[in-house]
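Trainee: Could you walk me through this one? I would like to take it slowly and ask things as we go.

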Amino acid sequence: MNQRTGPCFTEKKEFDFLRISKYIITFALKIVTNMVVTFNEDYLESLYTKGKTGIKKLWFQPQIVRGYQKGIKYLIHAKRKEDLFPFKSLHFEALHGDKEGRFSIKANDQYRIEFTLEESDEEPIVTICNIMELSNHYK
């Protein structure tokens, strides 16, 4: 009997298909369960992707840009807000007063990244993080 025909070949093909499907589903779930990060302003997205805003008025020093990009990466890789608690250097906190409903993490000692969080109720739980601004904490 030819090696490419017969029951052994079709069983192996089905087994490979099931194994590959399992890996694809697992990979897709990992992607879906990470935090979905959106940007409220175009310059915030540009600052993350390109490292500059393209607007002279909104120019940031290189160490602030690196801190901002690092903070956004932490947000992207987190599945929910509780995943940010162990990273003490981020100084994750809920804001109060006129910024009630927002959260922040530190970009550096002077600047913080402010964002809102929305969690879905269905399974799998998806957290949407909307980056609101990069603000000077002491102004």
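**Arg-112 and its surroundings**

Mentor: Let us start with Arg-112, which touches Glu-93, Leu-95, Lys-99, Ser-104, Ile-105, Lys-106, Ala-107, Glu-133, Leu-134, Ser-135 and His-137, leaving aside residues up to four places away in sequence. Keep in mind as we go that this is a predicted model.

Trainee: Where is Arg-112 found, then?

Mentor: Arg-112 belongs to strand β4, which covers residues 111-119.

Trainee: And is Arg-112 buried or exposed?

Mentor: Its relative accessibility is 12%, and because the cut-off for buried is under 20%, Arg-112 counts as buried. The strand around it fits that picture, since β4 is mostly covered, with seven of its nine residues buried.

Trainee: Which side chain does Arg-112 join through a polar contact?

Mentor: That is Glu-114, whose side chain is joined to the side chain of Arg-112 by a polar contact of 3.1 Å.

Trainee: OK, let's zoom out to the sheet. In what order do the strands come?

Mentor: Five strands make up an open sheet in the order β1-β5-β4-β3-β2, and the pairing is mixed. β1 and β2 (93-94) stand at the edges with a single partner strand each, so one side of each has no neighbour in the sheet.

Trainee: What does the pairing look like, strand by strand?

Mentor: Strands of a sheet pair through backbone hydrogen bonds, and they can do so in a parallel or an antiparallel way. Here β1 and β5 pair in the parallel sense over four bridges, with Phe-39 standing opposite Ile-131 in β5. Next, β4 and β5 run antiparallel and are joined by nine bridges, and along that pairing Leu-117 stands opposite Cys-129 in β5.

Trainee: And on the other side of β4?

Mentor: There, β3 and β4 pair in the antiparallel sense over four bridges, and a hairpin of four residues joins β3 to β4. Finally, β2 and β3 also run antiparallel, joined by two bridges, and Glu-93 stands opposite Ser-104 in β3.

Trainee: Back to β1 for a second: which residues are on its covered face?

Mentor: Val-37 and Phe-39 make up the covered face of β1, while Val-36 and Thr-38 make up the uncovered one.

Trainee: New topic. How many aromatic pairs are there?

Mentor: The count comes to seven aromatic pairs. One of them is formed by Phe-39 and Tyr-48, and it is stacked, with 6.1 Å from centre to centre and 25° between the planes. Another is formed by Phe-85 and Phe-92, which is tilted, at 5.4 Å centre to centre and 55° between the planes.

Trainee: How covered are those two, Phe-85 and Phe-92?

Mentor: Phe-85 is partly exposed, with a relative accessible area of 43%, whereas Phe-92 counts as buried at 19% relative accessibility. Together with Phe-103 and Phe-115, they form one aromatic cluster. You can link this back to the sheet, as Phe-103 stands opposite Phe-115 in β4.

Trainee: What about helix α2, which residues are buried there?

Mentor: In α2, which spans residues 42-49, the buried ones are Tyr-43, Leu-44, Ser-46 and Leu-47. Seen down the helix axis, the buried residues fall within an arc of 165°, so they line one face of α2. The face turned away from that buried side carries the exposed residues Asp-42 and Thr-49.

Trainee: And what do the buried residues of α2 pack against?

Mentor: They pack against β1 (36-39), α3 (62-77) and β5 (127-136). Just after α2, Gly-51 takes a positive phi of about 85°.

Trainee: Which residue has a positive phi although it is not a glycine?

Mentor: His-91 does, with a phi of about 50°. Most residues other than glycine have a negative phi. His-91 sits in the loop between α3 and β2, and it is partly exposed, with a relative accessible area of 48%.

Trainee: Last one: where is confidence lowest and where is it highest?

Mentor: Confidence is lowest in helix α1 (residues 7-33), at a mean of 54, and highest in strand β3 (residues 103-106), at 94. The protein as a whole averages a pLDDT of 80, and 72% of the residues score at least 70. Where pLDDT is low, the predicted coordinates should not be read in detail.

Conventions. Residues numbered from 1 in each chain as written. Heavy atoms only, no water. Buried < 20%, exposed > 50% of the residue type's maximum accessible area, 1.4 Å probe, protein only. Arc of directions from axis to C-beta. Contact = heavy atoms within 4.5 Å. pLDDT = per-residue confidence, 0-100. Phe/Tyr/Trp six-rings, centres within 6.5 Å; stacked < 30°, edge-to-face > 60°. Polar contact = N/O pair within 3.5 Å; in protein donor to acceptor, adjacent residues only side chain to side chain. Pairing = 2+ DSSP bridges.
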